[in-house]
Amino acid sequence: MKIIDSIKKAQGPLFTFELLPPRKGGKIDHLFDTVSELMEFDPSYINVTYHQHEIEYQERSDGLMEKKVIQKRPGTISISTALHNKFKVPVVPHLICGGFTREETEDALIDLNFLGFKNILALRGDPVSGQKSFKPEPGGHAHANELVEQIVRMNQGEYLNPNLKNTSASDFSIGVAGYPEKHYESPNMIMDIHWLKHKVDAGADYIVTQMFFDNAKFFRFVEKCRQEGIDVPIIPGLKPISSFKDIELIPRAFHIDIPNELCQEVAKCDTKQQVRQVGVEWTTQQALELKKFGVPSLHFFTLGQSDNIRKIASRVF
Ligand SMILES: Cc1cc2nc3c(=O)[nH]c(=O)nc-3n(C[C@H](O)[C@H](O)[C@H](O)COP(=O)(O)OP(=O)(O)OC[C@H]3O[C@@H](n4cnc5c(N)ncnc54)[C@H](O)[C@@H]3O)c2cc1C
């Protein structure tokens with residue numbers, strides 16, 4: 001089932017969530033457990049993130065440093081397949097521009113098509129660790145709108161080699177990312193929404209947002225998108241605070257603000273369990289208000305933790 005069709009059919013907000021592949025060497029069982037624990041809330045689909053390679057410098061026995069290219073969380077396509085086979089829930093694999101030439105993107109799309117996937121979240125990806133700005137592969141895409149265009153062309157049966165005959169068309173529904181607090185590289189919100197519209201005009205069916213902790217920012221973002229003529233569904237991304245460290249790490253990693261009131265609630269806590277409870281309470285209130293606003297889906301970034309998402313889902317759905 002295509003996500004856009006699930007959204008169109010839904011009576012209230014869908015319950016959906018995102019998983020990360022385990023670190024290399026890890027087991028898939030933990031992901032299976034996370035999904036099993038959330039199945040009672042009838043998820044409409046599950047996203048699986050894609051992780052580009054990272055560059056590490058390791059010291060050799062002769063004292064010189066050696067550059068190593070490492071993929072720390074491989075397996076997006078196989079995990080997506082395994083989850084779909086086991087739980088019979090639509091899975092949305094993420095696909096990024098970073099690390100892919102156009103030919104490699106085409107091959108990944110062929111794999112996903114042959115495996116029966118109908119949905120993709122198309123992203124640019126962040127700069128590789130150690131690089132200041134994003135650098136596409138030679139012959140790869142510089143921005144997500146170009147990836148959307150390539151997927152749309154394959155949906156029309158158009159491959160990179162124009163001489164291919166009797167090509168088969170894929171049938172992907174495409175989601176893209178949006179930023180209620182603007183993307184960190186963008187000079188301002190107007191420019192960011194301008195480029196977001198570019199992705200939608202290229203063929204994206206819906207938008208999933210970066211996490212945010214202040215619903216007012218999401219409401220303003222939706223309003224501005226609508227003013228700019230973006231009329232596709234906009235799905236809010238939510239993550240409950242789950243540790244003391246989140247208060248520092250989340251703004252640094254995701255370039256978003258954490259409201260002072262939430263920081264103060266966390267500061268009152270003595271234990272990690274108390275912090276998790278504050279996170280659950282805050283996200284539950286956000287989710288209830290977003291539900292009232294009429295969002296198409298509530299999308300949770302689980303980061304492999306299901307207990308807090310369970311508590312929230314049991315009060316919202
Ligand atoms: C819901 C969600 C899921 C994510 N999942 C993953 C994941 O699985 N793996 C991963 O690596 N990352 C993931 N990310 C992070 C994402 O890859 C980064 O935020 C990345 O820096 C930008 O990706 P994008 O697709 O928004 O890029 P783009 O849409 O290309 O935008 C990047 C920047 O360029 C600007 N821009 C866009 N198009 C153009 C253009 N044509 N010309 C000039 N400027 C332009 C935008 O305003 C923005 O500032 C996710 C983000 C979200 C919100």
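**View 1. The bridge partner of I96 in β6 is L123.** We're looking at a predicted model, where local features need pLDDT of at least 70 and side-chain atom pairs count only at pLDDT 80 or more, while totals for chains, interfaces and linings use all residues. Residues are numbered from 1 along each chain as its sequence is written, and side-chain values use heavy atoms, with hydrogens and water left out. The two strands in this view are β5 (residues 91–96) and β6 (residues 119–123), which run parallel and are joined by 3 bridges. Strands here are DSSP runs of E with at least two residues, helices are runs of H or I with at least four, and both are numbered from the N terminus. Two strands pair if DSSP finds at least two bridges between them.

**View 2. Zoom out a little and 8 strands close into a barrel.** Going round, the order is β1-β2-β5-β6-β7-β8-β9-β10, with parallel pairing. On average, neighbouring strands of this sheet are turned by 30 degrees against each other, direction ignored. Helix α3 (residues 76–87) lies across β1 (14–19), β2 (45–48) and β5, and runs at about 175 degrees to β5. Helix α11 (residues 307–316) also packs on the sheet, where it touches β1 and β10 (297–301), and its direction makes about 165 degrees with that of β10. For these angles, axes are lines fitted to C-alpha atoms (for helices, over the stretch in contact), and values run from 0 to 180 degrees between N-to-C directions.

**View 3. Strands β7, β8 and β9 sit side by side in the barrel order.** β7 (residues 173–178) pairs with β8 in the parallel sense over 4 bridges, and G178 stands opposite T209 in β8. On to the next pair: β8 (residues 206–211) and β9 are parallel too, over 3 bridges, with I207 opposite I234 in β9. β8 is mostly covered, as 6 of its 6 residues are buried. Buried means under 20% relative accessible area, exposed means over 50%, and partly exposed is in between (1.4 Å probe, protein chains only). In β9 (residues 234–238), 5 of the 5 residues are buried, so the strand is largely enclosed by the rest of the structure. I234, P236 and L238 point one way from β9, while I235 and G237 point the other way.

**View 4. Helix α11 has its buried residues on the same side.** The residues to pick out are N308, I309, I312, A313 and V316. They cover an arc of only 130 degrees around the axis, taken from the directions from the helix axis to the C-beta atoms. These buried residues pack against β1, α2, α10 and β10.

**View 5. F218 pairs with F219 and with F293.** Searching the whole structure turns up 10 aromatic pairs. Phe, Tyr and Trp rings (for Trp, its six-membered ring) pair if their centres lie within 6.5 Å; planes under 30 degrees apart are stacked, over 60 edge-to-face, and the rest tilted. F218 and F219 are edge-to-face, 6.2 Å centre to centre and with 70 degrees between the planes. The rings of F218 and F293 have centres 6.2 Å apart and planes at 75 degrees, so this pair is edge-to-face. It links distant parts of the chain, 75 residues apart: F218 is in α7 (residues 215–227) and F293 in α10 (residues 272–293). F218 is buried at 1% relative accessible area, whereas F293 is partly exposed at 44%.

**View 6. K86 lies over the faces of two Phe rings, F32 and F87.** The distance to the ring centre is 5.0 Å for F32 and 5.9 Å for F87. A charge sits over a ring if NZ of Lys or CZ of Arg is within 6 Å of the ring centre and within 35 degrees of the ring normal.

**View 7. S44 is in the loop between α2 (29–38) and β2.** At 18% relative accessibility, S44 counts as buried. Beyond its neighbours within four places in sequence, S44 is in contact with L14, F15, T16, V89 and P90, contact being heavy atoms within 4.5 Å. One of these, F15, also belongs to an aromatic cluster with F17, F41, F300 and F317.

**View 8. Y57 is in strand β3 (residues 54–59).** With a relative accessible area of 53%, Y57 is exposed. Not counting residues up to four places away in sequence, Y57 touches M65, E66 and K67. Y57 and V69 are 12 residues apart in sequence and 8.8 Å apart in space, C-alpha to C-alpha.
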